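Let's take a walk through a protein together, one region after another. Keep the picture open beside you and look up each place as we reach it.

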Amino acid sequence: MHTVEKIGGTSMSRFEEVLDNIFIGQREGDALYQRVFVVSAYSGMTNLLLEHKKTGEPGVYQRFADAQNEEAWRESLEQVRQRMLEKNAELFASEYELHAANQFINKRIDDAAECMYSLHKLCSYGHFQLSEHLMKVREMLASLGEAHSAFNSVLALKQRGVNARLADLTGWHRDTPLPFEEMIRDSFAGIDFNRELVVATGYTHCSEGLMNTFDRGYSEITFAQIAAATGAREAIIHKEFHLSSADPNLVGADKVVTIGRTNYDVADQLSNLGMEAIHPRAAKTLRRAGVELRIKNAFEPHHAGTLISQDYKSEKPCVEIIAGRKDVFGIEVFDQDMLGDVAYDIEITKLLKQLKLYVVNKDSDANSITYYASGSRKLINRAAKLIEEQYPAAEVSVHNVAIVSAIGSDLKVKGILAKTVAALAEAGISIQAVHQSIRQVEMQCVVNEEDYDAAVAALHRALIEPENHGDVIAAA
């Protein structure tokens with residue numbers, strides 16, 4: 001029974017450590033196999049290929065999409081080539097491996113450049129619109145990053161005597177794209193997990209187009225589908241940190257504990273707060289397939305990490321994690337005509353979705369609804385203006401807030417609300433709103449944005465540190 005394991009871009013950029021801690025470590029012989037690795041592009045590569053995830057600085061794709069001149073995107077693509085070749089030189093001292101790595105990525109980049117040039121020229125004719133093809137270009141460019149890191153990983157493993165095999169899911173030169181699940185099954189048909197260590201690209205080319213739905217979150221979707229399709233014993237995500245009871249930078253590294261076990265409900269709550277243990281759609285795939293997920297620290301290989309399963313509940317009700325997010329605005333809509341009219345909520349929710357604002361939570365009373373949404377201030381203001389235009393009698397106000405959550409697989413803790421309110425009051429923090437659902441896996445407190453750090457520390461101090469619950473798994 002094999003495992004399917006995902007390694008993120010930041011970890012891949014520390015490749016020698018990844019070899020020593022994850023790919024090989026102390027393993028020899030048969031112990032090297034029965035594993036599939038899904039790898040992301042090296043840190044920063046996808047930013048160069050598409051656009052910077054945080055700053056929005058344009059990469060190759062964005063310059064091509066602007067279509068102002070050919071030189072802009074060509075220059076940007078050559079910068080990517082140079083960065084990739086530098087990475088190859090950093091990884092391989094042997095002339096044979098270095099030549100193979102350079103030849104592979106040069107050919108891919110040359111193919112991409114030729115394709116983009118031909119498309120740019122074709123779309124200079126009125127019958128063809130560049131906008132109709134941009135998503136395919138985006139996917140093609142994104143695939144270069146994963147192909148680069150996956151091919152290099154196989155080269156490095158073979159150099160060390162491991163029988164490694166590349167599962168190239170990018171569909172390069174494939175005549176017709178297959179449906180996503182069929183593409184995964186087809187690519188893994190005939191692989192002998194007993195004798196081959198498989199390295200797969202995080203990007204999968206398929207007829208549905210993964211980036212249409214998941215944009216840059218596609219690698220976890222690929223990872224989950226491989227685990228489900230191949231009947232993995234366990235799915236493992238290697239991160240640069242443990243899944244802990246809170247952010248150690250806010251609470252103190254000596255006070256946090258690693259969450260030894262939890263369930264997929266808790267993982268979904270973390271995703272809602274923008275602190276993904278795993279993408280919720282990927283979690284859904286694993287859940288349905290009955291595959292447990294383990295979150296491990298890539299640089300502490302002997303620690304068992306956190307095991308996430310479908311049915312787990314803590315031995316006794318307790319808070320496992322204090323988490324939250326700061327990039328939240330409360331859009332408060334007050335209108336006395338709202339009473340009993342559900343159309344308000346439906347229409348405003350549609351409007352926020354059209355603006356691509358993410359609604360973390362919402363609350364309502366007889367004549368008001370407040371949406372706690374994440375997005376840029378510009379889009380938030382745009383939403384407020386559109387709501388005012390749609391409902392002229394309504395009063396719309398925007399609040400800068402943060403959400404702090406107490407999360408656990410079984411949160412039926414007697415007096416937890418009283419403890420929470422008291423802890424925040426003692427820290428001098430004013431609560432703007434409180435949410436707790438019947439499902440009892442999360443309790444959210446809305447506070448002023450400037451109180452976020454202090455609120456996380458106060459709740460961890462009150463709800464987790466005194467309990468010292470026994471859910472931490474000892475190192476393996």
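Is Gln 34 buried, partly exposed or exposed? With a relative accessibility of 22%, Gln 34 counts as partly exposed, because the cut-off for buried is under 20% and the cut-off for exposed is over 50%. Please keep in mind that this is a predicted model. You will find Gln 34 in the loop that links helix H2 (15–23) to strand E2 (35–39). Its backbone deserves a glance too: Gln 34 is not a glycine, yet its phi is positive, at about 60°. Most residues other than glycine have a negative phi.

A second residue with this feature is Lys 356, which has a positive phi of about 60° and is not a glycine. Lys 356 sits in the loop between helix H14 (343–354) and strand E10 (358–364). How does its surface setting turn out? At 74% relative accessibility, Lys 356 counts as exposed, since the cut-off is over 50%.

Now let's go inside. The largest nonpolar core contains 109 residues, and those with the most contacts inside it are Phe 23, Leu 141, Phe 188, Leu 286 and Leu 293. Helix H7 (residues 134–159) gives the largest share of this core, with 13 residues. Apart from it lies another core, this one of 23 residues, including Val 251, Val 319, Ala 423 and Leu 459.

Phe 23 is a good place to look around. Beyond its neighbours within four places in sequence, Phe 23 is in contact with several residues, among them Ile 7, Phe 15, Leu 32, Phe 37, Leu 157 and Val 199. Phe 23 also takes part in a meeting of two helices: Phe 15, Leu 19 and Phe 23 in H2 meet Ser 153, Ala 156 and Leu 157 in H7. The axes of H2 and H7 come within 12 Å and cross at roughly 65°. The crossing of H2 past H7 is right-handed.

Next, follow the chain from strand E2 into the loop that leads to helix H3 (45–49), where Ser 40 is found. Ser 40 counts as buried because its relative accessibility is 9%, and the cut-off is under 20%. Leaving out residues up to four places away in sequence, Ser 40 touches Lys 6, Ile 7, Gly 8, Gly 9, Met 12, Glu 146, Ser 149 and Ser 219. The last of these contacts, Ser 219, belongs to helix H10. Ser 219 counts as buried too, at 9% relative accessibility. With the nearby sequence again set aside, Ser 219 touches Lys 6, Val 38, Ser 40 and Gly 202.

Another helix worth a visit is H8 (residues 180–188). Which of its residues are buried? They are Phe 180, Met 183, Ile 184, Ser 187 and Phe 188. These residues lie on the same side of H8, because they cover an arc of only 115° around the axis. The spacing fits a general rule: an α-helix has 3.6 residues a turn, so residues three or four places apart point the same way. What covers the buried residues of H8 includes E2, strand E3 (164–167), strand E4 (197–201), helix H9 (210–214) and helix H10 (218–229). Just after H8, Gly 190 takes a positive phi of about 85°.

Finally, turn to the sheet. Six strands form an open sheet in the order E10-E11-E9-E12-E14-E13, with antiparallel pairing. E10 and strand E13 (431–436) are the edge strands, each pairing on one side only. From one strand to the next, the twist averages 30°. Strands of a sheet pair through backbone hydrogen bonds.

Let's zoom in on two of these pairings. Strand E9 (residues 321–334) is joined to strand E12 (residues 395–407) by twelve bridges, and the two run antiparallel. Val 333 has Val 396 in E12 as its bridge partner, while Ala 323 stands opposite Ser 405 in E12. E12 is also joined to E14, by seven bridges, and these two run antiparallel. Here Ala 402 stands opposite Val 447 in E14.

Two helices lie across strands of this sheet. Helix H16 (residues 416–426) lies across E13 and strand E14 (442–448), running at about 20° to E14. Helix H17 (residues 452–463) lies across E9, E12 and E14, and runs at about 130° to E9.

Key. Residues are numbered from 1 along each chain as its sequence is written. This is a predicted model: local features need pLDDT of at least 70, side-chain atom pairs count only at pLDDT 80 or more; totals for chains, interfaces and linings use all residues. Side-chain values use heavy atoms; hydrogens and water are left out. A nonpolar core is a set of buried Ala, Val, Leu, Ile, Met, Phe, Trp, Tyr and Cys residues joined through side-chain atoms within 4.5 Å. Buried means under 20% relative accessible area, exposed over 50%, partly exposed in between (1.4 Å probe, protein chains only). Helices (H or I, at least four residues) and strands (E, at least two) are DSSP runs, numbered from the N terminus. Contact means heavy atoms within 4.5 Å. The arc is that of the directions from the helix axis to the C-beta atoms. Two strands pair if DSSP finds at least two bridges between them. Axes are lines fitted to C-alpha atoms, for helices over the stretch in contact, and angles run from 0 to 180 degrees between N-to-C directions. A crossing is left-handed if the near helix is turned anticlockwise from the far one by less than a right angle, and right-handed if clockwise.
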